[in-house]
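Colleague: Before I rely on any of the labels attached to this model, I would like to hear the reasoning behind a few of them. Could you take me through it?

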Amino acid sequence: MNQKLEDVLNLALETPQGVREQTGTLNVGFNNENNTWELIVKYHGSLERLGELGVRTEYLIAGYAILTVPENLVEQVALLEEIEYVEKPKRYFYTISAPSEYSCLPRVTLQEPFLTGRSVLIAVLDSGIEFRRADFRKANGDTRIRFLWDQTLEPGDAGNPPEGFFQGVEFDQETLNQILREPAYGGQYSFLPGRDVTGHGTAVAGIAAGNSAEGGFYKGVAEEAELLIVKLGNPSEAGFPRTTEIMRGITYALRKAIELEMPLVINLSFGNSYGAHDGSSLIERFLDNAAEIGRTVICVGSGNEGSSRGHIAGNVEEDTSVELAVGEYETTLNIQLWKHYSDRYRIRLRSPGGREQELPETVEAGKYTMQMEQTQILVYLGEPTPYAVAQEIYLDMIPIGRPYINSGIWTIFIEPISVVTGQYYLYLPSSAIRNESTGFYKAAPQVTLTVPSTAAKVITVGAYDSTYDTYADFSGRGYVDPERTIGVVMAGLTKPDLAAPGVGILAPDVYGGYTPFTGTSFATPIVSGSAALLMEWGEGGIIRLR
């Protein structure tokens with residue numbers, strides 16, 4: 001076990017590729033064609049000598065980088081003194097009345113000081129944008145998008161990636177205007193940059209900064225803000241963006257804002273349930289660092305896991321049992337158990353057929369494999385990382401000789417051996433990738449914020465239903481346990497930071513009309529647009545003081 005590698009990366013490296021592919025999570029970040037891993041590292045000093053090993057380096061901000069490393073060199077690279085910690089990418093999942101109507105915005109947009117977001121840059125990192133819509137154009141027909149980076153395109157005739165990156169194609173405002181003026185969209189622009197297949201990114205951008213203009217009825221929150229669009233790469237079959245693509249996009253947005261000398265709002269409308277939810281992962285720490293650069297605000301949705309039955313927590317009593325319903329046709333499922341490292345528990349599993357098996361308390365190299373009925377379970381016993389004292393016990397369930405793992409009631413027994421805090425926290429994968437019938441009995445809605453909304457220095461946005469004036473049941477929730485020993489609550493923080501309307505929010509769609517959308521994905525751009533209004537107001541005050 002290498003403690004400079006995160007738990008799931010250690011497990012992935014010790015698991016045969018065929019088995020990794022079955023899990024759906026362990027193989028994320030691995031390129032089958034050239035046998036390389038895309039990895040996130042925190043480093044100090046110089047990484048120049050990695051080139052001699054055949055490792056490609058993309059430098060980000062604040063001592064973070066993305067490496068493309070041959071699999072046989074991962075351990076060697078991690079042992080370098082300059083490398084502090086290494087993580088594999090994770091998949092992130094989109095967390096799917098007029099935006100300003102229930103947010104008190106007309107008081108500052110339709111009367112003094114008449115804020116519109118002018119001279120502020122809003123970066124939308126998402127599924128792309130239908131940029132031909134009038135909502136994203138000026139009165140003269142030109143685009144309001146200053147730059148668009150389509151990470152899904154191959155560099156070549158269409159153009160090149162932004163400087164310092166190797167993926168996708170960058171389009172400036174002049175090129176986008178040229179495409180808009182070409183009626184047949186022919187020649188080298190026979191495609192549409194940033195093409196939005198899902199409509200998620202178009203809706204998010206429209207809520208934050210849309211404006212149908214010329215007497216149109218629709219206005220987003222910051223109707224005159226300028227846009228920077230990053231269509232996130234989706235190389236996986238599932239089509240969800242990965243940590244590395246998000247970190248590239250954030251670095252790109254920061255560099256462009258500095259180049260343009262503009263205040264920046266970054267909108268992130270997605271998340272993942274993997275992690276200790278304590279701000280210690282590299283993506284969370286990266287966002288904290290990014291929020292300190294220039295004049296930057298980062299808004300992140302709290303996720304839609306509040307009512308998904310994907311989390312349960314508590315204090316271990318004499319013999320605690322947790323029941324998990326696994327629905328029919330579940331091809332794979334992973335379970336995270338997080339606890340304080342000083343607590344020692346005896347953990348047993350009971351399968352739906354009644355078979356019981358105890359997990360070893362310690363295992364050489366951390367990995368252990370067991371079989372219960374027709375389900376193989378990969379177990380990884382983690383150790384504290386350089387940034388946290390939480391311990392993870394990770395279980396990955398894959399079927400044996402059949403397409404699906406055993407359905408029914410799985411029971412996790414947790415018995416205390418030596419207890420200091422007695423706390424435990426269990427998480428399932430995002431509800432976007434598991435069956436509706438799979439979830440914990442007696443699940444807890446608290447601490448269901450998705451990562452990276454758990455970063456300390458971002459604005460974490462929950463959703464409320466403006467019709468009933470209540471917090472939306474699906475919206476990720478924060479902390480209620482004042483004695484919690486792991487988590488951002490330890491720093492005296494409360495999350496979400498605020499809530500915005502997130503049910504039935506009218507937004508532009510990719511078909512030329514306007515459609516109601518629901519989810520924290522669509523509450524977040526209301527806050528992003530509001531942040532742009534405040535930054536415009538603040539900039540005006542600075543100019544007057546000058």
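Colleague: What makes the six strands an open sheet, and in which order do they lie?

Modeller: In this predicted model, the order is S14-S23-S16-S21-S20-S19, with antiparallel pairing. The edge strands are S14 (311-315) and S19 (367-372), each of which pairs on one side only. Neighbouring strands of the sheet are turned by 15 degrees against each other on average, with direction ignored.

Colleague: How do you know that S14 and S23 are paired?

Modeller: Two strands count as paired if DSSP finds at least two bridges between them. Five bridges join S14 to S23 (residues 423-427), and these strands run antiparallel, so the criterion of at least two bridges is met. One of the partnerships links alanine 313 with tyrosine 425 in S23.

Colleague: Why does the length of helix H7 agree with what its 18 residues should span?

Modeller: The expected span is 1.5 Å times one less than the number of residues. For H7 (residues 243-260) this gives 26 Å, and because the end C-alpha atoms are 26 Å apart, the two values agree. Just after H7, glutamate 261 takes a positive phi of about 55 degrees.

Colleague: Why is H7 called mostly covered?

Modeller: A residue is buried if its relative accessible area is under 20%. In H7, 15 of the 18 residues are buried, so the helix is described as mostly covered. Across the protein, buried residues make up 59% of the 546 residues.

How values were computed: Residues are numbered from 1 along each chain as its sequence is written. This is a predicted model: local features need pLDDT of at least 70, side-chain atom pairs count only at pLDDT 80 or more; totals for chains, interfaces and linings use all residues. Side-chain values use heavy atoms; hydrogens and water are left out. Helices (H or I, at least four residues) and strands (E, at least two) are DSSP runs, numbered from the N terminus. Axes are lines fitted to C-alpha atoms, for helices over the stretch in contact, and angles run from 0 to 180 degrees between N-to-C directions. Buried means under 20% relative accessible area, exposed over 50%, partly exposed in between (1.4 Å probe, protein chains only).
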